[in-house]
Amino acid sequence: MTRKVLSPLRMAIATLTAMILVVAAQTPAQAALPSGYWQETFASLRGADYTTSYDREIRIWTSDDRLVGVGWFQSDPYGATPGDAIRVCDQLADGWGLEVWLDTEYNTGWDRKASTRGYNSPYCSPWASGDIVENTLVQIKLCMVKGTEEYCTPAYTARA
Ligand SMILES: [Ca+2]
Ligand SMILES: [Ca+2]
Ligand SMILES: [Ca+2]
C-alpha cells in the first residue's frame, strides 16, 4: 500500500486552508435589521464641530413605529455619566434583547459592548466605560439579539 507523502509546503498550504475555513465558519452571521425594522441616529456635538468630541445615539423602530431599543456613546463626563462610555436600553417586550458595540478606534474591530441579555424590558444596561484618547474617532452599532441571532444597524461614528 502506498501512501502519499505531503511536502512541507503542501502541508503548510493544507493547514492554512483549514485555518481559513475555520475562521470563515466561526464568523457570526452579520445581518442587517429584519425586514420592516428601521433605525435613526443622532450626533450631539460637545465642541465647535465634528473634529472634537461628539456623542452618538442610535434607535431601532418596528415597522409600526414602536421603539425597540436605544444605544448611546457618551464622549465626555456629564453629571453622574462617565465619558467614553456606552449604554443600551431595551424598550419593547418582544423577545429581542439589545446590544450596543463600540469600536474604540475607527475600523479596528469591535472592542466593547453593553447588553440587555437576560433582562426583561424595559431595561437599561449600566454605562460601560474605559478611557479613550481625547477626540479619537470611534464608531458604534446597535444590534437586536436573541440566542445566536443578531441583526445590527450600520456603524455610526462618534469622537471620544
Ligand atoms: Ca471627550
Ligand atoms: Ca426587547
Ligand atoms: Ca477596535
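The protein chain has one helix and 11 strands, where helices (H or I, at least four residues) and strands (E, at least two) are DSSP runs numbered from the N terminus. Followed along the sequence, the order is α-β-β-β-β-β-β-β-β-β-β-β. This is a predicted model, in which local features need pLDDT of at least 70 and side-chain atom pairs count only at pLDDT 80 or more, while totals for chains, interfaces and linings use all residues. Residues are numbered from 1 along each chain as its sequence is written, and chains are lettered from A and ligands numbered from 1 in the order in which they are written.

Let us begin with the chain as a whole. Of its 160 residues, 27% are buried; a residue is called buried if 20 or more other C-beta atoms lie within 10 Å of its own, exposed if 12 or fewer, and partly exposed in between, with C-beta atoms placed from the backbone. Among contacts with a separation of 6 or more, 53% involve residues 24 or more positions apart. Two residues are in contact if their C-beta atoms, placed from the backbone, lie within 7 Å.

A good place to step inside is strand β2 (residues 54-61), which contains Tyr54. Tyr54 counts as buried because 21 other C-beta atoms lie within 10 Å. Leaving out residues up to four places away in sequence, Tyr54 touches Ala43, Ser44, Leu45, Arg46, Ser75, Ala158 and Arg159. One of these partners, Ser75, is 21 residues from Tyr54 in sequence, with 5.9 Å between their C-alpha atoms.

From here we can cross to the next strand. β2 and β3 run antiparallel and are joined by six bridges; strands pair if DSSP finds at least two bridges between them. The two form a hairpin with five residues between them, and Asp65 in the turn has a positive phi of about 65°. Within this pairing, Ile60 stands opposite Gly69 in β3. β3 itself is mostly covered, with six of its eight residues buried. On to β4: six bridges also join β3 to β4, again antiparallel, and here Phe73 stands opposite Ile86 in β4.

Phe73 and Ile86 lead us to the largest nonpolar core, a set of buried Ala, Val, Leu, Ile, Met, Phe, Trp, Tyr and Cys residues joined through C-beta atoms within 7 Å. It has 25 residues, of which Phe73, Ile86, Val100, Ile140 and Leu142 touch the most other members. At least two residues each come from β2, β3 (67-74), β4, β5 and β9 (137-146), and the largest share, five residues, is from β9. Beyond its neighbours within four places in sequence, Phe73 is in contact with Asp55, Arg56, Ile86, Leu102, Val138, Ile140 and Ala158.

Finally, the loops deserve a look. Most residues other than glycine have a negative phi, and most peptide bonds are trans. Asp84, in the loop between β3 and β4, is not a glycine yet has a positive phi of about 50°. Asp84 is buried because 25 other C-beta atoms lie within 10 Å. Asn135, also not a glycine, has a positive phi of about 75° and sits in the loop between β8 (128-129) and β9. With 15 other C-beta atoms within 10 Å, Asn135 is partly exposed. In the loop between β6 (112-115) and β7 (123-124) we meet Pro122, joined to Ser121 by a cis peptide bond with omega about 0°.
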